[in-house]
Amino acid sequence: MPSKILIIDGDISLSTVLCDYLVSRGYKAQAAGNGRAGLQCLGDSHWDLVLMELQGVEMNGFDLLKDIRHRLPSIPLIVLTVRNDRESQIRAFQLGCDDYQLKPFSMDILICRMEAILRRIRAFEESKQRVFDLNGHVFDATHQTFDGKHMSSRESDLLLMLCRQEGNVVDKHRILSALWKEDNAFTARSLGVFINHLRQFLTPAGYQIIAVRYKGYKLVNEN
């Protein structure tokens, strides 16, 4: 599934060109013309990486960076900016950016920087915990079993996403993009069917999958 890139920049001409270029390279991309619009986009959908300017976003760029990092601690973020002073670069990294690219920049080099960060994120995700103790009931994502009972690949992958974010809402669109590779009404109905399958596994363990309207699903421990 193509990575989704959010661009937050008040320079509409640049962000439009950058969006078109990213799409031509196989990404999904969307531009937000100011910080508030960017935060709204981040709350409405799942994104794989953020590109943002520190200036021209109708709010303090450092405050925006801090807010994004507070809301989404692990989302990759690259600053694209004309601010080339040492203090700005240090502050941006201290606030949590993953890379700092000065304008003007090479589109090809930007792609290389993005892919380097995304590769690290993917490798980290793949190395994360894959066995979970749910109130004495063992879910093993590697062997696709729950208390020794076999699960389908999709059931196992779905439960793994929920377990890794236990207590937090996992965005429905993120699930569909990751597991179904398509996000439409048909796959959304299929997701609902698999959620019901998982509930049958989880009820004896005292866990429940709660549907959060317009958002997604979260796994909660009811014990």
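In this predicted model, strand β3, helix α3 and strand β4 form a right-handed β-α-β unit. Helix α3 covers residues 61-71. Strand β3 spans residues 49-52 and runs parallel to β4, with three bridges joining the two. One pairing is that of Val50, whose bridge partner in β4 is Leu77.

A second unit follows from β4. Together with helix α4 (residues 86-94) and strand β5, β4 makes another β-α-β unit, which is also right-handed. Here four bridges link β4 to β5, and the strands run parallel. Ile78 of β4 has Asp99 of β5 as its bridge partner. Strand β4 thus pairs with β3 and with β5. Strands of a sheet pair through backbone hydrogen bonds, in either a parallel or an antiparallel sense.

How many residues of β4 are buried? The strand covers residues 77-81, and five of the five are buried, so β4 is largely enclosed by the rest of the structure. Its side chains point two ways. Leu77, Val79 and Thr81 point one way, while Ile78 and Leu80 point the other way. Residues on both sides of the strand are buried.

Strand β5 covers residues 99-102 and contains Gln101. Is Gln101 buried or exposed? Its relative accessibility is 11%, so Gln101 counts as buried, the cut-off being under 20%. Leaving out residues up to four places away in sequence, Gln101 touches Ile78, Val79, Leu80 and Thr81. These four residues belong to β4. Gln101 also touches Ile109 and Arg113.

Leu14 lies in helix α1, which covers residues 12-24. This residue is partly exposed, because its relative accessible area is 23% and the buried class ends at 20%. Apart from neighbours within four places in sequence, Leu14 is in contact with Asp9 and Lys103. Leu14 and Ala31 are 17 residues apart in sequence. In space, their C-alpha atoms are 9.9 Å apart.

The cysteines were examined next. The count of disulfides is zero. Cys97 is in no disulfide, and the nearest cysteine sulfur is that of Cys112, 18 Å away. A disulfide needs two cysteine sulfur atoms within 2.5 Å, so Cys97 and Cys112 do not qualify. Cys97 has a relative accessibility of 6% and therefore counts as buried. Cys163 also has a relative accessibility of 6%, and Cys163 counts as buried too.

Antiparallel pairing appears in strands β6, β7 and β8. Strand β6 (residues 131-134) pairs with strand β7 (residues 137-140) over four bridges, in the antiparallel sense. Phe132 stands opposite Phe139 of β7. The two strands form a hairpin with two residues between them. In that turn, Asn135 has a positive phi of about 55 degrees.

Strand β7 takes part in a second hairpin, with strand β8 (residues 145-146). Two bridges join β7 and β8, again in the antiparallel sense. Asp140 stands opposite Thr145 of β8. Four residues lie between these strands. One of them, Gln144, has a positive phi of about 55 degrees.

Helix α6 consists of 12 residues, 153-164. How far apart are its end C-alpha atoms? They are 17 Å apart. At 1.5 Å a residue, the expected span is 16 Å, so the two values agree. The buried residues of α6 include Glu155 and Ser156. Leu158, Leu159, Leu160, Met161, Leu162 and Cys163 are buried as well.

Three further strands form an open sheet in the order β10-β12-β11, with antiparallel pairing. Strands β10 (170-171) and β11 (207-212) stand at the edges. Each has a single partner strand, so one side of each is left without a neighbour in the sheet. Strand β12 covers residues 216-221, and six bridges join it to β11. In this pair, Tyr207 stands opposite Asn221 of β12. Helix α6 packs on the sheet and touches β10, β11 and β12. The direction of α6 makes about 70 degrees with that of β12.

Key. Residues are numbered from 1 along each chain as its sequence is written. This is a predicted model: local features need pLDDT of at least 70, side-chain atom pairs count only at pLDDT 80 or more; totals for chains, interfaces and linings use all residues. Side-chain values use heavy atoms; hydrogens and water are left out. Buried means under 20% relative accessible area, exposed over 50%, partly exposed in between (1.4 Å probe, protein chains only). The expected span of a helix is 1.5 Å times one less than its number of residues. Two strands pair if DSSP finds at least two bridges between them. Contact means heavy atoms within 4.5 Å. Axes are lines fitted to C-alpha atoms, for helices over the stretch in contact, and angles run from 0 to 180 degrees between N-to-C directions. A crossover is right-handed if, with the strands pointing away from the viewer, the path from the first strand over the helix to the second runs clockwise.
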